[in-house]
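Hi there,

Here is the structure I promised to pass on to you. Have a look at it first, and then read on for what turned up in it.

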Amino acid sequence: MNLVKANKENIRHAAEIIKNGGLVAFPTETVYGLGADGLNPIAVAKIFEAKKRPAFNPLILHIADKDWLQKYSATRNKKIDRLIYKFWPGPLTLVLPKTGIVPGIVTSGNPTVALRMPDHPVALQLIEESGTPIAAPSANKFGHLSPTEAAHVAKYLGDRVDMILDGGKSSVGVESTIIQFHDDEFYLLRPGGLSKEEIENEIGEIKIGITDSEKPNAPGQLPSHYSPQTPLKFFNKKYLDENKKIGLLCFKENKSPFPYLKVKILSPDSDLREAAANLFSFLHELEKENLDLILVESVEEKGLGRAIMDRLRKASNKNQ
Ligand code: TXA
Ligand code: MG
């Protein structure tokens, strides 16, 4: 395990790890985060693997400067500006429509991205030196309490991260408040380190969205969520109809002679991490083809395979 004090030299080293696609646990004012390069889908896949999350959950992109926001969301208005001016850096996460450079694995295929500028010198320096937004959930294993000290991270994830930066106790100690801007309204998705009242003092009334932060993708629970436009089913020979436009999403290789209109291969090397990293962007590509049906191959339900299958099942359920 590599638990080190968060001094300048170690932060620089940690930034190298991030740039090279590794995982670094780092302090923020809310809780410790488990960080990876938010623009590198394979690195982000490692986060899910380390947390042992049974399903993908969209992640927060942490930025080092307010000016970075426009790279990851093109949506701005007076109220958003007010929130950023008043509460960033700080325990407020904004969910906004994403730009094209944010990978699908960060947002779990949602058209929106969660963004936050943390109020912690170590976090800010790490992001700045990495030169990339850092995707980070709380640095706990799925179902465990969020960590507010480096030792908490070491206990549960010590063998799964390349480095843990010890920056002392998190001052806020609960996760950030998450609000989503959608159709000219703000929705509270998760209460957290910044009170609803403080937010409403700045921008007026906000609506209550879902509070169950473990189920952000449950259909119908969010004002917007990822919904495949094309029917999607798990592969079965009975669906193969040459009069239909059918696309295939397979794991390792396509062995069938059927004339699919488009075939996407998640990982020619059968690497579940690579498959997870490609999943959402490939589904989007297939959707763009105006197909009648997308057939998907099951993957083995181990490691990230569980999260992949969870997401595929949800996508196929929508069409039944
Ligand atoms: O304080 C915090 O927010 C900490 C520190 C590390 O920044 N991070 C944190 O991340 O709590 P996490 O992954 O444990 O919780 C973030 C929650 C997700 O569970 C999800 O509900 C929500 O943010 N979220 C992320 N992206 C979203 C999106 N595009 N739409 C809706 N909810 C989203
Ligand atoms: Mg969490």
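Let me start where the two halves of the story meet: about 1200 Å² is buried between domain 1 and domain 2, and carbon and sulfur atoms account for 71% of that area. Three residues stand out on one side, since I42, E49 and F56 together supply 41% of the area that domain 1 buries against domain 2, more than any other three residues. Please keep in mind throughout that this is a predicted model.

To help you find your way, domain 1 covers residues 3-208 and domain 2 covers residues 232-317. Their contact draws on 14 residues from domain 1 and 13 residues from domain 2. Taken over C-alpha atoms, the centres of the two domains are 30 Å apart.

What holds charged partners face to face across this boundary? One salt bridge is counted between domain 1 and domain 2. The side chains of E49 and R273 form a salt bridge, with 2.8 Å from N to O. As for polar contacts, one residue pair is found across the interface, with both residues at pLDDT 80 or more.

Which elements of domain 1 give two or more residues to the side that touches domain 2? They are α2 (41-51) and α5 (104-107). Of these, α2 gives the most, with six residues. Sorted by class, this side of domain 1 has eight nonpolar, three polar and three charged residues.

Two spots in the backbone are also worth a visit. The peptide bond from W88 to P89 is cis, with omega near -5°. You will find P89 in the loop between α4 (78-87) and β5 (92-97). The other spot is D183, which has a positive phi of about 50° although it is not a glycine. D183 sits in the loop that lies between β9 (177-182) and β10 (185-190).

Finally, a word on confidence. The protein has an average pLDDT of 90, and 93% of the residues score at least 70. Residues 211-227 are another matter: here the pLDDT is below 50, although the stretch has 42 contacts in the model beyond near neighbours in sequence. Where pLDDT is low, predicted coordinates should not be read in detail.

Enjoy exploring, and write back whenever you like.

Best wishes

Methods:
Residues numbered from 1 in each chain as written. Chains lettered and ligands numbered in written order. Heavy atoms only, no water. Domains from an automatic or database assignment. Contact = heavy atoms within 4.5 Å. Buried area = accessible area lost by both parts, 1.4 Å probe. Salt bridge = Lys/Arg side-chain N within 4 Å of Asp/Glu carboxyl O. Polar contact = N/O pair within 3.5 Å; in protein donor to acceptor, adjacent residues only side chain to side chain. Helix = DSSP H or I, 4+ residues; strand = E, 2+ residues; numbered from the N terminus. Nonpolar A, V, L, I, M, F, W, Y, C, P; charged D, E, K, R; others polar. pLDDT = per-residue confidence, 0-100.
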